[in-house]
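Trainee: I am new to this structure and would like a close look at a single part of it. Could you take me slowly through one helix and the helices that pack against it?

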Amino acid sequence: MAVHTSSAAEAAAPTTRERILTEALNLFAQSGYGGASMRELARRVGIRESSLYNHFPGKAAILEAIVSEHGPASSASRLEEPRYKQLARQPAAFCRQFALDLVEQWSDPREHQFQKVITAERNRVPGIRAKFADHFYAREESLMTAYFRGFALAGLVSTPDPRETARLFAAGLIYIRLEHYVMGAAPSPRAKVLEAIDRYLDFFLALIAAGRGADNKKRKPKGENRGKAASD
């Protein structure tokens, strides 16, 4: 039994690469990208400095990996998970699940560190700005648009433009984040955030409800052509 417990613990333990990224996020948030050294990072991880290069060619590559695996990049990845694909014909459940997952993400201290790092560094390191745009905007927007296009083609929502509907949905959530997690002296209590989420979802879902208004009944969603969705 002890062997099984040990094996399970080892399987759950973070890999060296994961430990590097975790400590790098902490270090970049504390010292800034320019002020962080590979030597200090290696000390925090508990490995030799030379061993860092077995995982990453340099500090810029570590920052790029952080951008690729944290924050909105992880949000985009969730949209590709089976639990979201199961909601492809349930717009209300989809929107609620997405919003609740964002609340969990916003409440994670690592997310706060990530936002601090990326705000300061995205324009300073070659390649970071392009990766930032790709993971923060293009990928998530494309996936979200595909969901809303599917809802529209199935007659589950009314919208002349699924892309703009997806952007509107995201914009309302971003505003809630700014109000409750960014602009105040301290994050709002979770209950207050969830209340704001519920209020917004009720409004948004009513706005795009199927059959809402005579014009919406007659208009096909943008991108629909003879029953088929056009590519973005």
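Mentor: What follows is a walk around helix α11 and its two packing partners, after a few words on the whole protein. This is a predicted model, in which local features need pLDDT of at least 70 and side-chain atom pairs count only at pLDDT 80 or more, while totals for chains, interfaces and linings use all residues. Residues are numbered from 1 along each chain as its sequence is written, and side-chain values use heavy atoms, with hydrogens and water left out.

The protein has 13 helices and 2 strands, where helices (H or I, at least four residues) and strands (E, at least two) are DSSP runs numbered from the N terminus. Buried residues, meaning those under 20% relative accessible area with a 1.4 Å probe and protein chains only, make up 38% of the 232 residues.

Two packed helices are described by the angle between their axes and the distance between the axes. Here the axes are lines fitted to C-alpha atoms over the stretch in contact, and angles run from 0 to 180 degrees between N-to-C directions.

Helix α8 (residues 91-107) and helix α11 (residues 162-182) have axes that come within 11 Å and cross at roughly 30 degrees. That makes α8 roughly parallel to α11, a word used for angles under 35 degrees, just as angles over 145 count as roughly antiparallel. The crossing of α8 and α11 is right-handed, which is to say that the near helix is turned clockwise from the far one by less than a right angle. In contact terms (heavy atoms within 4.5 Å), the α8 side includes Cys95, Phe98 and Trp106, and these residues belong to a group that meets Phe169, Leu173, Ile176, Arg177 and Tyr181 in α11. By class, this contact has 10 nonpolar, 1 polar and 1 charged residues.

The other partner is helix α12 (residues 190-207), which packs with α11 at an angle of about 160 degrees, the axes being 11 Å apart. α11 and α12 are therefore roughly antiparallel to each other, and their crossing is right-handed. Among the residues that make this contact are Phe169, Leu173, Ile176 and Tyr181 of α11, together with Val193, Ile197, Tyr200 and Phe204 of α12. The residues of the contact of α11 with α12 divide into 12 nonpolar, 3 polar and 1 charged.

Just before α11 in the chain, Gly155 lies in the loop between α10 (128-153) and α11. Gly155 and Arg89 are 66 residues apart in sequence and 9.6 Å apart in space, C-alpha to C-alpha.

Definitions and conventions
Angles under 35 degrees count as roughly parallel, over 145 as roughly antiparallel, 65 to 115 as roughly perpendicular and the rest as oblique. Ala, Val, Leu, Ile, Met, Phe, Trp, Tyr, Cys and Pro count as nonpolar, Asp, Glu, Lys and Arg as charged, and the others, Gly among them, as polar. Buried means under 20% relative accessible area, exposed over 50%, partly exposed in between (1.4 Å probe, protein chains only).
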